[in-house]
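I opened the notebook to record what I looked up in this structure, one topic per entry.

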Amino acid sequence: MIKKLIALDVRTYRAQLKWAIPIYLLLQISALVLKGLNIPSLGGFAHVIAIIATVLLIPIALLLGLINYYRSLYTNQAYLTHTLPATPGQHYLGKLFSGFILYVTATIATLIGVIIAVLAWGLADGSGFQAVATMFRLIGSWPDLITITPVVGWSFAVIIWLLIYLNSYAVYSFCISLGMGRRLSRYGVGGPFLVYLIYYIANQVIGLAAFVFIPLSLRISYVSGAIQSKIVTVMPIRQLWRVGFTDQMNNMGFEEGIDYLGGHIDFGLGIFVLMIAFIIFSYFFTKRQLGRVNLR
Amino acid sequence: MSYEFSHEVPIYLQIMDIYRSEILAGRLIRGDQMPPVREVALAYGVNPNTVQKAFLEMDRLELTRSERTSGRFVVATDELIESLRLEQSDKKVQDFILDMKALRISRQETLDMVKKGWKDD
Amino acid sequence: MTKVVEVKGITRNYGARRGVDTISFSLVEGEIVGLLGPNGSGKTTLIKLIMGLLQPDSGEITIRGLAPMQAHALISYLPENTYLGDWMTMEEAFRVFEDFYADFDQVKALSMLDDFDLEVRQPLKTMSKGMQEKAHLALVMSRNVPLYVLDEPMGGIDPAARQTILESILQNYNPGSTLLLSTHLISDVEMLFDRVIFLDQGYVRLDRQVEELRAETGKSIDNIFRELYAPGMRRKA
């Protein structure tokens, strides 16, 4: 059943994006050609437009997921969706996975866009594919910069990438489903916005509380000329009062600064714990909301 | 098929009337198969349950009988048809007489008019 | 007779506005039931409750013993508004029905589209409102289910085409199935009903077999409806 739900969403996306994909490709190709051939002003312009398009891809994919979630579950289309022989959990997961497919597609397109942008640059200043190779080398070496193994580093990057999607899905599915529920549905689209506003404020407050109360930190330390990092179960707040003396720190070098802070800085990871907790909460809560819709 | 039912009278009675008339007129005779309920319902644009009710009523009057496997057949005996015809013609005559009386036409005048109006074809 | 739908004391209000109030009835197998009443009498609210698209304040509805949300495989539902994405063609809509409903009969659907003079490849957004409604009806009537729920199936359809719609409903619904049809256009469809339920401001005004009503009153259902809802006859809220 979930497979069929995903397939339906994917077909919907495909119909909606029928024109977007050729337009995006056209933008990238024109940027590559115009910038690569050093066409004055037009080349720069095309390059900037292509970069903006690339940067916007992932946000647009997330927004499209949100719109599809709303349209398919709370507009006239909901009369079809909610009378299909599927359970609320299947609807929830179906939308989660179909949105994820879109997110993956957007990520791939973004990477291609980045490569094209760098290549266009390279062609323009004569370094050609060398520029792309340099970029790959730089990107590939980031775990070394903070002395973690590539496996850990890249796993961390993938987890962040996954969390961005999961969290945004958890947030919009929660806000829309609660905002379109029994009590708030009379305000129309205002309901979800109201819920989001409250969520946002609550999230800020709890985020701060997490920083104060959750003992989980990423510790960056500077030992004998090398930056090292590890995850420790220490509250980041212990350092906070010292970080407060920024005036003094401004006059110090990085090494001195770290020494001044006792040899390390702790970045709070409590926010991630909260994020995961919210994702889990949203799954159960939203699923329950989907099981008792009120279409008016 | 177009047939205007009166919405003021139970539809099943009107359907019964249609088929009883067919039998009395000899257009449907003993041994003939009745059309299937669904077909009749579609033809007249009425609910199949209504047709079913009309046909069951005809079964009850022994005009038709439903055989479990082969369908419904006209089984009305000549005696039954005869008595229904008499019953129906008697009713028509009574109605006719009432109409004539309402128009203040006398018995003799009526008989003369019927004799004059009756044409053998 | 087996009960297909059981509505027990269902109430649902919208804030201060009344939707439906302590309504109870059941529908049995093979019945064609007209749900009648003027606009705002609670027809659509009741139907949404039966479909699980609205939650009741109190009371309970079961479809063959199941809660509405669990019974969707047993019901073919035509809502008041069209519900297919406007990017879809009928071909795509067929695919959706084929995917989700094991009881969907595509041959039937195609022949209904043919009766309605509709093209399979035509996108829905290029169809008129009446055409879209016919297209939806073709889909809904092509399922083989114990219960059909049609909310105003002739709402946007011109009088000339209503007869075709009626015929196709009669022709395609599964005999032995139950059919609940809401409408305010009574004279067009009254030949179809076994039974009528009249709603008025959220209450059941009358729930009777139509042939009994005709025999007792010597009036058409349409006339009974007009008299019942004539000014001054209405139950005070």
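**Entry 1: chain B.** I read off the order of elements in chain B from the N terminus, and it is α-α-α-β-β-α-α. That gives chain B five helices and two strands. The model I am working from is a predicted one. I then checked how spread out the chain is. The radius of gyration of chain B is 18 Å, well over the 14 Å that the globule rule gives for 121 residues, so chain B is more spread out than a compact globule. I also noted the spans of the C-alpha trace of chain B along its principal axes, which are about 55 × 35 × 25 Å.

**Entry 2: which chains touch.** I asked which of the two pairs of chains that touch has the most contacts. Chains A and C do. I looked for a contact between chain A and chain B as well, but these chains do not touch. The nearest C-alpha atoms of chain A and chain B lie 27 Å apart.

**Entry 3: chain A against chain C.** I took the residue lists for this interface next. Chain A puts 23 residues in contact with 28 residues of chain C. I noted a buried area of about 2600 Å² between chain A and chain C, with carbon and sulfur atoms giving 58% of it. How many salt bridges are there between chain A and chain C? I have two in the count. One I wrote down by name joins the side chains of A:R182 and C:D57, at 2.7 Å from N to O. For polar contacts across the interface of chain A and chain C, I have 14 residue pairs, both residues at pLDDT 80 or more.

I went on to where the chain A side comes from. Both α1 (2-16) and α4 of chain A supply at least two residues to the side that touches chain C. The most comes from α1(A), with six residues. By class, I listed 11 nonpolar, seven polar and five charged residues on the side of chain A that touches chain C.

**Entry 4: domains of chain A.** I found chain A divided into three stretches: domain 1 (1-140), domain 2 (153-207 + 274-296) and domain 3 (215-268). I followed up the pair formed by domain 1 and domain 2 of chain A, whose centres, over C-alpha atoms, are 23 Å apart. Each of these two domains of chain A brings 24 residues to the contact.

**Entry 5: domain 1 against domain 2.** I have about 2300 Å² buried between domain 1 and domain 2 of chain A, and carbon and sulfur atoms give 76% of that area. Which three residues supply more than any others of the area that domain 1 of chain A buries against domain 2? They are A:Y69, A:Y74 and A:Y92, which together supply 31%. I found zero salt bridges between domain 1 and domain 2 of chain A. The polar contacts between domain 1 and domain 2 of chain A come to nine residue pairs, again both at pLDDT 80 or more.

I listed the elements of chain A that give two or more residues to the side of domain 1 touching domain 2: α3 (42-74), α4 (78-81), α5 (88-125) and α6 (129-140). The largest share of that side comes from α5(A), with 12 residues. By class, I counted 16 nonpolar, seven polar and one charged residues on the side of domain 1 of chain A that touches domain 2.

Technical notes
Residues numbered from 1 in each chain as written. Chains lettered and ligands numbered in written order. Predicted model: local features only at pLDDT ≥ 70, side-chain atom pairs only at ≥ 80, totals over all residues. Heavy atoms only, no water. Domains from an automatic or database assignment. Contact = heavy atoms within 4.5 Å. Buried area = accessible area lost by both parts, 1.4 Å probe. Salt bridge = Lys/Arg side-chain N within 4 Å of Asp/Glu carboxyl O. Polar contact = N/O pair within 3.5 Å; in protein donor to acceptor, adjacent residues only side chain to side chain. Helix = DSSP H or I, 4+ residues; strand = E, 2+ residues; numbered from the N terminus. Nonpolar A, V, L, I, M, F, W, Y, C, P; charged D, E, K, R; others polar. Rg over C-alpha atoms; globule rule 2.2 N^0.38 Å.
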